[in-house]
Amino acid sequence: MSVSHDAVMAALATVQDPEIFKDIVSLDMVRDVNICGGSVKVRVELTTPACPLKDRIREEVTTAVKKVSGVEAVDVELTAKVRSAAGPKQLLPQVRNIIAVGAGKGGVGKSTIALNLAVGLALQGASVGLLDGDIYGPSIPTMTGIGQRNPQLNGERIIPFSIGSAEAIIKVMSIGFIVPPEKALIWRGPMVHGVIRQFIEQVEWGELDYLIVDLPPGTGDVSLTLAQTIALTGAVIVATPQELALADARRAVRMFQQLGVAILGVVENMSYFICEHGTTYDLFGRGGAAAMAQNMGLPFLAEIPIDARMRQFADSGEPFANFAADAPSRQLLLTLAQKLAGQVSIRNLTKPAGKEVKLEISG
Ligand code: ADP
């Protein structure tokens, strides 16, 4: 008896994406179905290579198709293509998702999280760029080990630096590559608009699944310019758990919401500390940012502990070292990247892109 294509599709329509809660046929994730006698080959296109639930999807597809009459063997191939919710007319059509990383105040680890998100996504197979939008105090040149070095030009266009290994690379751009680190960076409102626009329009980012933008702390002109200039997929808010930091984090959340930018999630950094003997110390009130996220109805992405090696690797400019097999925060950082990728997929499949807002820039 030959296997019916319609019956296989009907079986596939019973499989739900575990994060988006819709079936994989209506989500247009079923790419090819090949039937040869009793053998069925299905290709399912995931919405991100950083999908933590690959094995579960494979298993559920196999089980569902095996139930179809006449099926003897099922072969499931999983591929990934990151989607974009942005319209074709946006400024960077080759960049599928632009994600801002913000914080209420400085020193909470926003740049650290932005950089580790970029590396974590790249290590899972995504093409990733990192734009240091913290133009008042750029720390990405040090944290990436690139330091102060003029980027190469292609005509009028700036080529971002690429760092990494054969395994994965990220493309990086920062004003700190050009301006000496000891020089105070003072920007008036309209200049901010110019430099951010230039970073977006004049840098040759090429095709990217995710462009991570490290914002300055607080609620200033850079965030406003970004929200005005491009369709952001959304923003991630980094906070430490103590109440004093959370009050500012809430303000940052509200600013993005007023700008029409979705909050993709909250990260609690410096959540706790594990000493060399294995005792966990709750220094700043672990769980504070998770409670804030819950109260504000926002996804919570991760609790990242204080990790001395993470600080050392930031100072020595070795971001990939946080992901070495024996690095203490490796798994937490990979999971963080997966959770963010999941939220991006949910956003792109369920909601329209951030709308353009027109606000006056003072300055
Ligand atoms: P921000 O961008 O919010 O100003 P940074 O990312 O520059 O903060 O971090 C401030 C300092 O704290 C840096 O020296 C960084 O290496 C360190 N740091 C950040 N997060 C952690 C962490 N989880 N464990 C240890 N050190 C951290």
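**Exercise 1. The three-stranded sheet**

Work out the strand order of the open sheet in this predicted model, and find which strands are at its edges.

*Solution.* Start with the order: the open sheet has three strands, arranged S1-S2-S3, and the pairing is mixed. Next, look for strands that pair on one side only; these are S1 and S3 (73-80), so they are the edge strands by definition. Then zoom in on one pair. S1 and S2 (residues 39-46) run antiparallel and are joined by six bridges. Within that pair, Asp-32 sits opposite Arg-43 in S2. Finally, check the twist: ignoring direction, neighbouring strands of this sheet are turned against each other by 15 degrees on average.

**Exercise 2. Helices on the sheet**

Which strands does H1 lie across, and which does H2 touch?

*Solution.* Take H1 to begin with: H1 lies across S1 and S2, and its direction is at about 140 degrees to S1. Now H2, which packs on the sheet and touches S2 and S3. Against the direction of S3, H2 makes an angle of about 145 degrees.

**Exercise 3. H1 against H2**

Classify the packing of H1 and H2, then say what kind of residues make the contact.

*Solution.* Get the geometry down before anything else: H1 (residues 5-12) and H2 (residues 54-66) pack at about 140 degrees, with their axes 8 Å apart. Roughly antiparallel would need an angle over 145 degrees, so H1 counts as oblique to H2. As for handedness, H1 and H2 cross in a right-handed way. On the H1 side, the contact uses Val-8, Ala-11 and Leu-12; on the H2 side, Val-61, Ala-64 and Val-65. Sort those by class and you get six nonpolar residues, with no polar and no charged ones.

**Exercise 4. H5 against H6**

Do the same job for H5 and H6: orientation, handedness and contact classes.

*Solution.* The axes of H5 (residues 189-201) and H6 (residues 221-229) come within 9 Å and cross at roughly 50 degrees. That angle makes H5 and H6 oblique to each other. The crossing, where H5 passes H6, is right-handed. H5 brings Gly-189, Val-192, His-193, Ile-196, Arg-197 and Ile-200 to the contact, while H6 brings Asp-221, Val-222, Thr-225, Leu-226, Gln-228 and Thr-229. Class by class, that comes to five nonpolar, five polar and two charged residues.

**Exercise 5. Positive phi**

Phe-21 and Met-270 both have positive phi without being glycine. Where is each one placed, and is each buried, partly exposed or exposed?

*Solution.* Phe-21 has phi near 60 degrees, and you'll find Phe-21 in the loop between H1 and S1 (30-36). The relative accessibility of Phe-21 is 59%; exposed means over 50%, so Phe-21 is exposed. Met-270, with phi near 55 degrees, belongs to strand S12 (residues 263-274). At 25% relative accessibility, Met-270 is partly exposed.

**Exercise 6. Ala-13 and its surroundings**

Which residues is Ala-13 in contact with, leaving aside neighbours within four places in sequence?

*Solution.* Locate Ala-13 to start: it is in the loop between H1 and S1. With a relative accessible area of 33%, Ala-13 is partly exposed. Leave out the neighbours within four places, and the contacts of Ala-13 are Asp-23 and Val-25. For a sense of scale, try Trp-187, which is 174 residues from Ala-13 along the chain; the C-alpha atoms of Ala-13 and Trp-187 are 54 Å apart.

Key:
Residues are numbered from 1 along each chain as its sequence is written. This is a predicted model: local features need pLDDT of at least 70, side-chain atom pairs count only at pLDDT 80 or more; totals for chains, interfaces and linings use all residues. Side-chain values use heavy atoms; hydrogens and water are left out. Axes are lines fitted to C-alpha atoms, for helices over the stretch in contact, and angles run from 0 to 180 degrees between N-to-C directions. Helices (H or I, at least four residues) and strands (E, at least two) are DSSP runs, numbered from the N terminus. Angles under 35 degrees count as roughly parallel, over 145 as roughly antiparallel, 65 to 115 as roughly perpendicular and the rest as oblique. A crossing is left-handed if the near helix is turned anticlockwise from the far one by less than a right angle, and right-handed if clockwise. Contact means heavy atoms within 4.5 Å. Ala, Val, Leu, Ile, Met, Phe, Trp, Tyr, Cys and Pro count as nonpolar, Asp, Glu, Lys and Arg as charged, and the others, Gly among them, as polar. Buried means under 20% relative accessible area, exposed over 50%, partly exposed in between (1.4 Å probe, protein chains only). Two strands pair if DSSP finds at least two bridges between them.
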